[in-house]
Amino acid sequence: MTDPNEVAHHYHSGHLLKRISDGCAALDLTPPISRDALAPVDEFHIGGRLATEPFVKALDLSPQSRVVDFGCGLGGPARYVAAATGAHVTGIDLTAEFVETGRALTEWTGMSDRVQLIEGSVLNLPLESDSMDAAYMIHVGMNIADKVGIAREAMRVLKPGGIFAIYDVMQVGEGNMDYPAPWASTSDQSALAPPETYEAALKSVGFELTDRIDRTVFAKQFFEDLAAAQSRADGPPHLGLHLIMGDDTALKVQNMVRNIEGGLIAPIEIHARLPI
């Protein structure tokens with residue numbers, strides 16, 4: 001069982017907003033700032049915006065939709081959802097620094113009227129039952145052992161017919177994951193599970209599975225392109241995920257990529273829906 005305090009500690013770095021602000025200043029970005037300009041730092045998952053776009057499109061949202069983001073981080077996907085679909089998004093995250101920083105970024109992008117970020121646990125959402133049209137979770141389940149608890153909360157807050165989409169790193173082969181990784185400094189903070197575990201959890205609380213998509217090929221190409229871009233650059237970009245992951249960013253990514261290439265883990269999408 002992962003310890004929520006240890007997980008929150010893994011993601012807390014201190015002065016994150018200042019580092020992002022300094023990066024924006026170096027690029028001559030001042031509020032109001034385009035959400036696209038922040039995408040390199042606020043989309044903390046494999047593929048970044050390239051992965052977010054098709055994932056969100058499959059949710060089939062409208063301006064009338066109310067959506068909950070499980071483990072919203074800095075709120076990049078939440079802001080993208082709101083801007084791309086007009087939906088109102090509530091993001092929940094365990095890490096106070098992420099929520100505080102994300103609220104500032106939401107203000108900078110002028111999206112506070114459609115995006116609300118709240119500190120809390122996705123296993124005990126501060127939301128009313130049957131209040132949401134859709135829910136999604138991006139690279140969060142790797143820190144939460146209780147997959148049934150995640151599914152149960154999604155079922156509770158969603159209206160009949162509501163969609164729950166997941167995009168997580170999942171275990172697809174036998175072996176031990178190398179740490180540190182982007183989501184965990186040690187194995188004690190990690191709760192990797194195979195897709196079948198997620199699917200069983202979803203079905204156990206009443207969801208109907210609609211799709212499973214393996215993003216391994218996409219991930220390999222993404223990291224290949226990223227490595228090529230880094231080799232051409234003089235140094236790290238002013239805005240990038242290294243501002244979140246810290247000095248050992250390269251090692252965390254290296255460990256993750258090696259285990260993807262070795263067939264141990266893979267980024268997987270699972271889509272499910274509640275019966276009407």
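Contact is taken here to mean heavy atoms within 4.5 Å, and in the predicted model examined here Asp-178 is, on that criterion, in contact with Asn-255, Arg-258 and Asn-259, residues up to four places away in sequence being left out of the count. Asp-178 belongs to the loop that runs between strand 5 and helix 8. With a relative accessible area of 29%, this residue is classed as partly exposed, because the class extends from the 20% below which a residue is buried to the 50% above which a residue is exposed. The side chain of Asp-178 is joined to that of Arg-258 by a polar contact of 3.1 Å. Asp-178 and Met-256, although 78 residues apart in sequence, have C-alpha atoms 7.4 Å apart in space.

Met-256 also appears in the description of the nonpolar interior, where it is listed with Ile-20, Ile-46, Tyr-136, Met-177, Trp-183 and Ile-265 as having the most contacts inside the largest nonpolar core, a set of 54 residues. The element that gives the most to this core is helix 6 (residues 96–108), which supplies 5 residues. A second core, separate from the one just described, comprises 31 residues and includes Phe-70, Val-122, Ile-166 and Val-205. In soluble globular proteins, nonpolar side chains tend to be buried together. For Ile-265, the contacts beyond four places in sequence are with Val-169, Met-170, Gln-171, Val-172, Met-177, Trp-183, Leu-192, Met-256, Asn-259 and Ile-260.

The strand that spans residues 265–273, strand 7, is mostly covered, with 8 of its 9 residues buried. Strand 7 pairs with strand 5 (residues 158–171) in the antiparallel sense over 9 bridges, and within this pairing Ala-165 stands opposite His-271. Strand 7 is also joined to strand 6, again in an antiparallel arrangement, by 6 bridges, and here Glu-269 of strand 7 is the bridge partner of Ile-213.

Salt bridges number 12 in the structure as a whole. Side chains of opposite charge can pair when their charged atoms come close. In one of these salt bridges the side chains of Asp-42 and Arg-79 meet at 3.0 Å, N to O, and the pair links distant parts of the chain, with Asp-42 in helix 3 (residues 35–42) and Arg-79 in helix 5 (residues 76–85), 37 residues apart. Both partners are buried; for Asp-42 this assignment follows because its relative accessibility is 4%, whereas the buried class takes in values under 20%. The surroundings of Asp-42, neighbours within four places in sequence being set aside, consist of contacts with Leu-74, Gly-76, Pro-77, Arg-79 and Leu-105.

Helix 5, which carries Arg-79, is itself mostly covered, as 8 of its 10 residues are buried. The buried residues are Gly-76, Pro-77, Ala-78, Arg-79, Tyr-80, Val-81, Ala-82 and Thr-85, and the helix is followed by Gly-86, whose phi is positive, near 85°.

Another salt bridge, between the side chains of Arg-156 and Glu-153, has an N to O distance of 2.8 Å. These two residues are separated by about one helical turn, because they lie 3 residues apart in helix 7 (residues 147–157). The partners fall into separate accessibility classes, Arg-156 counting as partly exposed at 24% relative accessibility and Glu-153 as buried at 9%.

Arg-212 forms a further salt bridge with Glu-196, in which the closest N and O atoms are 3.4 Å apart. Since Arg-212 lies in strand 6 (residues 208–214) and Glu-196 in helix 8 (residues 195–204), this pair ties together parts of the chain that are 16 residues apart in sequence. Arg-212 is partly exposed, with a relative accessibility of 38%, and Glu-196 is likewise partly exposed, with a relative accessible area of 46%. Finally, Arg-35, Asp-36, Glu-43 and Arg-49 are linked with one another in a network of salt bridges.

Technical notes
Residues are numbered from 1 along each chain as its sequence is written. This is a predicted model: local features need pLDDT of at least 70, side-chain atom pairs count only at pLDDT 80 or more; totals for chains, interfaces and linings use all residues. Side-chain values use heavy atoms; hydrogens and water are left out. A nonpolar core is a set of buried Ala, Val, Leu, Ile, Met, Phe, Trp, Tyr and Cys residues joined through side-chain atoms within 4.5 Å. Buried means under 20% relative accessible area, exposed over 50%, partly exposed in between (1.4 Å probe, protein chains only). Helices (H or I, at least four residues) and strands (E, at least two) are DSSP runs, numbered from the N terminus. A salt bridge is a side-chain nitrogen of Lys or Arg within 4 Å of a carboxyl oxygen of Asp or Glu. Two strands pair if DSSP finds at least two bridges between them. A polar contact is a pair of N or O atoms within 3.5 Å; within protein, one must be able to donate a hydrogen and the other to accept it, and residues adjacent in sequence count only if both atoms are side-chain atoms.
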